[in-house]
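The following exercises are to be worked through with the sequence and the three-dimensional structure at hand. Each task is followed by a solution in steps.

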Amino acid sequence: MSPSLAPLPSPSPTDMRTPGITVMVLIILLISPLTVHIILLISPLTVHIMPLCVLYTQGIGNKEWREFGRTEVIDNTLNPEFVRKFILDYFFEERQNLRFDLYDVDSKSANLSKHDFLGQAFCTLGEVVGSLGSRMEKPLVGIPGKKCGTIICKAEELGNCRESVMMQFCGNKLDKKDFFGKSDPFLVFYRSNEDGTFTICHKTEVVKNTLNPVWQAFKIPVRALCNGDYDRSVCLTIKIECYDWDRDGSHDFIGEFSTSYRELSRGQSQFNVYEVVNPKKKGKKKKYLNSGTVTLLSFLVDIEVTFLDYIKGGTQINFTVAIDFTASNGNPAQPTSLHYMSPYQMNAYAMALKAVGEIIQDYDSDKMFPALGFGAKLPPDGRVSHEFALNGNPQNPYCTGIDGVMEAYYQSLKSVCLYGPTNFSPVINHVARESENQRNPLSRSVLRNTMESCVRTPFFLVVVANCQIK
């Protein structure tokens, strides 16, 4: 990955050449909880060009675009295929803005202003992940009066090893090491490294005073055992040592054996009964066979499920807004109120709604959000309500997108009278009823209850209902 460069200004219309071509860009994002790969394909083009795609990201604290990386330049082809990959961090809780600029390279200069601008596209990483099939399509823009083509973004998770394994072992006829007793055996597991050295990765508990111990089952990531390489060679194995525990820490070595993940994965069988061998004893005693045996009793593989697995499996996040309109927020006409509508900036509630809503909406297919309020007197009779629709329609409290929620909130502030007390159980019950009505077992309901805390700043109450995912 090339280092981040200083942000470059967007080309002005006077710097753009309009070559009269239609460009289609296919972007495949291979995503894990930590990394993202991007592969770009452009086809077909109506003229010969030398295309280059530049990826920009925005910092969390500012809106400044910074160049993240560039693809290689494809030389004079009608069907270019970029092989350059970019690795990005993916965070569900953040709005990660992306910008793709496409250029026709005319020289060896690294200065993009020296090349012809072909178009650009804007999106968020969450928008791509939350799209149907994790596939998002957007038009390339940036050249007035010109159709620049289409950008297609597809998100896929990286093929890293996310398996864990639950194993249990027992010993049989291990060597007696204690003078006044038997042995206090335990096992130590080592993972082999590429240079032939070993690194400890697990240690069992000590089973006191027995030569036939049964150790407790334990769970360990496959990465810790073999880095996901199921068929490591003879010199790169899983080594297991058996010791007799001593209080002073000078544990007595009983013996050792080696295996591999592939062998262990056979489960309980004749192949997973291992002779525990002490090399020193074997070298001294001709009739020495072993210092006992260790047997694999069980082997169960478990795959760690990530947030992306739920999204790709069809999970929808149903977002409901419930706003506190109690008088404890202060007079909305005063700047000290959390509901104060300043002409220069958003109030605390609006900022909270926008910050959370812009993240959540990328994972909701229809982007229709119920917006409720509580703790206010409603017109025309001044009736106190702890569950009312911000848009004034109790039969259909849904608003279109976060902008629709914001607009309904501003309109409610002009019509309702802040009152009390603080009682948000009706809105929680509202979400629970809606969740029960959901036929889709892959549905999740999230209630964002924006209200004041003891330090008079908005906080969020998350209510999860209809938990039917197995």
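## Exercise 1. Charges over rings

In this predicted model, Arg99 lies over the face of Tyr56, at 4.0 Å from the ring centre.

Task. Which ring has Lys239 over its face, and in which strand does Lys239 lie?

Solution.
Step 1. The ring is that of Tyr190, and Lys239 lies at 5.3 Å from its centre.
Step 2. Lys239 belongs to strand S13, which spans residues 238-244.
Step 3. Within S13, Lys239 stands on one side together with Glu241 and Tyr243, while Ile238, Ile240, Cys242 and Asp244 are on the other.
Step 4. Both of these faces are covered, and 7 of the 7 residues of S13 are buried.

## Exercise 2. The neighbours of strand S13

Task. Determine which strands pair with S13 and in which sense they run.

Solution.
Step 1. Strand S10 (residues 185-192) pairs with S13 in the antiparallel sense, over 7 bridges.
Step 2. In this pairing, Val188 stands opposite Glu241.
Step 3. S13 is also joined to S14 by 7 bridges, and these two strands run antiparallel.
Step 4. Here Lys239 has Ser258 of S14 opposite it.

## Exercise 3. Classifying aromatic pairs

Task. Classify the ring pairs Trp65 with Phe122 and Phe257 with Tyr274 as stacked, tilted or edge-to-face.

Solution.
Step 1. A pair of aromatic rings is described by the distance of the centres and the angle of the planes. Centres must lie within 6.5 Å; planes under 30 degrees apart count as stacked, over 60 as edge-to-face and the rest as tilted.
Step 2. By this rule, the count is 16 aromatic pairs.
Step 3. For Trp65 and Phe122, the ring centres are 5.8 Å apart and the planes stand at 55 degrees, so the pair is tilted.
Step 4. This pair connects distant parts of the chain, with Trp65 in strand S4 (residues 65-70) and Phe122 in strand S6 (residues 116-124), 57 residues apart.
Step 5. Trp65 counts as buried because its relative accessibility is 18%, below the cut-off of 20%. Phe122, at 35%, counts as partly exposed.
Step 6. For Phe257 and Tyr274, the centres are 4.9 Å apart and the planes lie at 15 degrees, so the pair is stacked.
Step 7. Phe257 is in strand S14 (residues 252-259) and Tyr274 in strand S15 (residues 273-275), 17 residues apart. Phe257 is buried at 6% relative accessible area, and Tyr274 is buried at 7%.
Step 8. Elsewhere, ring pairs link Phe325, Tyr349, Phe388, Tyr409 and Tyr410 into a cluster.

## Exercise 4. From S15 to S9

Task. Starting at strand S15, trace the pairing through S16 to S9.

Solution.
Step 1. S15 and S16 run antiparallel and are joined by 3 bridges. Glu275 has Thr293 as its bridge partner in S16.
Step 2. S16 (residues 293-303) pairs with strand S9 (residues 163-172), again in the antiparallel sense, over 10 bridges.
Step 3. In this second pairing, Met166 has Leu300 of S16 as its bridge partner.

## Exercise 5. An open sheet

Task. Which strands stand at the edges of the sheet S20-S19-S23, and why is one side of each left without a neighbour?

Solution.
Step 1. The sheet is open, and its 3 strands pair in the antiparallel sense.
Step 2. Strands S20 (383-385) and S23 (417-418) stand at the edges; each has a single partner strand, so one side of each has no neighbour in the sheet.
Step 3. S19 (residues 376-378) is joined to S23 by 2 bridges, and Ala376 has Leu418 as its bridge partner in S23.

## Exercise 6. Cysteines and the whole chain

Task. How many disulfides does the model contain, and are Cys53 and Cys399 buried or exposed?

Solution.
Step 1. A disulfide is a covalent bond between the sulfur atoms of two cysteines. With a cut-off of 2.5 Å between the sulfur atoms, the count is 0 disulfides.
Step 2. Cys53 is buried, at 4% relative accessible area, and Cys399 is buried at 5%.
Step 3. For the protein chain, 46% of the 470 residues count as buried.
Step 4. The secondary structure of the chain comprises 8 helices and 25 strands.

How values were computed
Residues numbered from 1 in each chain as written. Predicted model: local features only at pLDDT ≥ 70, side-chain atom pairs only at ≥ 80, totals over all residues. Heavy atoms only, no water. Phe/Tyr/Trp six-rings, centres within 6.5 Å; stacked < 30°, edge-to-face > 60°. Helix = DSSP H or I, 4+ residues; strand = E, 2+ residues; numbered from the N terminus. Buried < 20%, exposed > 50% of the residue type's maximum accessible area, 1.4 Å probe, protein only. Lys NZ or Arg CZ within 6 Å of the ring centre and 35° of its normal. Pairing = 2+ DSSP bridges.
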